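This report covers the interior of one protein chain and the spaces in and around it. The chain is shown first.

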Amino acid sequence: MSDFDLIVKGHIVLAHSEIENGYVAIKNGKVAKVGACVQGMPSAKAIEDHTGCLVFPAAIDSQVHSRSQKGQEDFIWSTRAAAAGGVGTIVDMPYDAGRLICNAERFNLKKQEAQEQARVDFALYGTVHPDEGTDKICEIVEAGAIGFKFSTFGTDPERFPRIPAFTMHDCFQEIQRFGLVAGVHNEDDEVVKHLIEKTKASGQSNYLAHTASRPVYSENLAVLQVYELGAATGCRAHVVHCSNGRGYEICASYQKQGFQSTIEACLHYMVLTEEDDVKNLVGRAKVNPPIRGRKEREALWHHLAAGNLTVVSTDHVSWSLDRKNSANMFENASGATGLELLLPLMVSEASRRGISLSKIAQVLTYNVARLFSIDDTKGALELGKDADLAILKPEPYVYNAKASGNNFSDWSPYDGRQIDFKVVKTMVRGNWVFDGQSVLAEPGSGKFVRPCLLGQGG
């Protein structure tokens with residue numbers, strides 16, 4: 001009689017250690033045992049030997065925008081790219097084109113539609129309408145929101161509105177009752193809008209105009225506002241994308257004071273720089289806050305190694321190229337793709353810097369699950385948790401988003417970049433969803449994930 005359904009052998013990467021010649025045993029879609037092969041292996045119905053490969057917990061991408069552009073990507077494609085990139089769960093943002101996810105009716109409709117399309121597991125943020133404040137928070141919590149997203153900057157009054165500090169305070173206070181996280185887009189509205197007009201008036205519109213209109217101080221003023229609101233309300237305050245080293249120092253200072261402050265980097269801040277990449281990519285590398293210089297990029301890796309960086313996401317959005325190819329930086333949409341590369345690119349960059357693989361498992365999986373209170377089932381290769389795995393082979397290749405066939409958009413800011421590790425298999429809940437060539441998971445096979453808080457159901 002076999003003890004387990006499947007054993008996967010390889011170099012096992014855990015959140016706080018590694019097993020060079022190890023195995024993960026799986027039963028009924030759950031991790032049943034993790035061990036070292038030298039101590040002997042249990043029996044299983046099947047054994048897959050991936051000696052020479054890394055066996056990671058599948059990544060959890062904490063910031064995805066599947067519906068920012070109407071009629072574009074949607075979950076049918078975002079979760080396909082996720083499966084091909086070793087991402088087992090995506091957390092989708094509430095700023096859908098034409099439908100702000102600010103009440104239970106809209107939340108449940110999105111959940112139903114995503115369930116029909118998703119190939120990997122998914123969770124959903126909710127938000128509030130600035131005119132409604134706290135009115136709908138409770139019903140969105142009951143519908144299963146993973147957390148709430150706000151913005152200190154107003155991109156659009158309906159699709160991506162600014163929430164004033166006094167309204168955010170009341171919302172934080174309400175969210176605190178449920179123990180959920182409040183994530184905030186961190187740019188000071190008054191400063192940025194003033195500097196945009198000032199920069200335009202000067203006649204500057206090239207790639208440098210973006211950082212000129214959104215300097216580091218405009219970002220960190222908002223970071224301070226977010227953490228002060230968290231301190232005042234007891235809410236778990238989370239900055240959803242920080243591009244500069246000073247921001248991580250601010251977060252660390254609030255943590256030392258005993259507050260539940262957390263902070264997120266994005267793949268593009270960890271990899272790209274203004275002088276090396278934005279200069280050539282122009283609109284294709286436009287994101288908010290902007291990509292900074294080499295010094296800030298390396299500061300982020302320093303903070304990751306030091307444990308000051310909570311999670312890394314993609315902030316993935318597949319804009320059509322006509323929204324990204326203007327020479328005038330102000331005319332381009334903000335955001336970039338990244339789901340297919342989150343895990344292999346982070347592993348590649350960490351390996352080049354001598355940073356441990358366990359640190360990558362922490363910021364892509366372990367910490368993410370704890371941030372969103374889904375660590376009862378997700379986030380680690382530990383007994384009883386979902387068997388979500390990603391197998392990476394050390395095999396350098398040059399990335400081409402169009403050629404991969406797993407992306408809705410046929411462009412990427414990472415096109416032409418050498419990646420040192422390739423995802424050769426992805427597993428979600430004990431099922432292989434990617435085999436190195438093809439995405440195997442059918443639309444609808446993904447599962448909605450809700451936080452395990454205050455007795456919420458499944």
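The text below deals with the nonpolar cores, some strands and helices, and then the cavities and pockets. The model is predicted.

**Cores**

The largest nonpolar core holds 100 residues. Those with the most contacts inside this core are F56, F150, Y227, M270, L304, V312 and M346. Helix α12, which spans residues 342–353, gives the core its largest share, 6 residues. Apart from the first core there is a second, separate one of 18 residues, with V8, I19, L389 and V424 among its members. In soluble globular proteins, nonpolar side chains tend to be buried together.

Setting aside neighbours within four places in sequence, Y227 is in contact with A237, V239, I250, C251, Y254, S261, T262 and I263. Of these partners, T262 and I263 belong to strand β13.

**Strand β13 and its partner**

Strand β13 covers residues 262–266, and 5 of its 5 residues are buried. T262, E264 and C266 point one way from the strand, whereas I263 and A265 point the other way. Both sets are buried. The pairing of β13 with strand β12 (residues 236–239) is parallel and runs over 2 bridges. Across this pair, V239 of chain position 239 stands opposite I263.

**Helix α1 and the loop at G98**

Helix α1 runs over residues 74–84, and its buried residues are F75, S78, T79, A81, A82, A83 and A84. The elements that cover them include the helix α2 (104–117) and the strands β5 (59–64), β6 (87–92), β9 (121–126), β16 (418–428) and β17 (431–434). After α1 comes G86, which has a positive phi, near 80 degrees.

Is G98, in the loop between β7 (95–96) and β8 (99–100), buried or exposed? G98 counts as exposed because its relative accessible area is 71%, and the cut-off for exposed is over 50%. From G98 to G405 the C-alpha to C-alpha distance is 28 Å, with their positions 307 residues apart in sequence.

**Cavities and pockets**

A search of the whole structure gives 5 cavities of 30 Å³ or more. The lining of the largest cavity consists of P57, A58, I60, T365, T377, K378, G379, A380, L381, D386 and D388.

The table lists the volume and the lining classes of this cavity and of two pockets.

| Space | Volume | Lining by class |
|---|---|---|
| Largest cavity | about 70 Å³ | 5 nonpolar, 3 polar, 3 charged residues |
| Largest pocket | about 570 Å³ | 7 nonpolar, 13 polar, 8 charged residues |
| Second largest pocket | about 370 Å³ | 9 nonpolar, 6 polar, 2 charged residues |

The largest pocket, with a volume of about 570 Å³, is lined by 28 residues, of which T155, R159, N288, A333 and S334 are the closest to its centre. Two helices, α5 (189–201) and α6 (208–213), each supply at least two residues of that lining.

The second largest pocket has 17 lining residues, and E340, Y397, S404, K422 and G436 lie nearest its centre. Here β15 (389–398), α14 (401–404) and β16 each supply at least two residues. The largest share, 3 residues, comes from β16. Strand β16 is also among the elements that cover the buried residues of α1.

Note on methods. Residues are numbered from 1 along each chain as its sequence is written. Side-chain values use heavy atoms; hydrogens and water are left out. On a 1 Å grid over the protein atoms alone, a cavity is a set of points where a 1.4 Å probe fits but cannot get out, and a pocket is an open set with protein on both sides within 12 Å along at least five of seven lines; lining residues have an atom within 4 Å of a point. Grid points are joined across faces, edges and corners, and a volume is the space filled by probe spheres set on the points. Ala, Val, Leu, Ile, Met, Phe, Trp, Tyr, Cys and Pro count as nonpolar, Asp, Glu, Lys and Arg as charged, and the others, Gly among them, as polar. A nonpolar core is a set of buried Ala, Val, Leu, Ile, Met, Phe, Trp, Tyr and Cys residues joined through side-chain atoms within 4.5 Å. Buried means under 20% relative accessible area, exposed over 50%, partly exposed in between (1.4 Å probe, protein chains only). Helices (H or I, at least four residues) and strands (E, at least two) are DSSP runs, numbered from the N terminus. Contact means heavy atoms within 4.5 Å. Two strands pair if DSSP finds at least two bridges between them.
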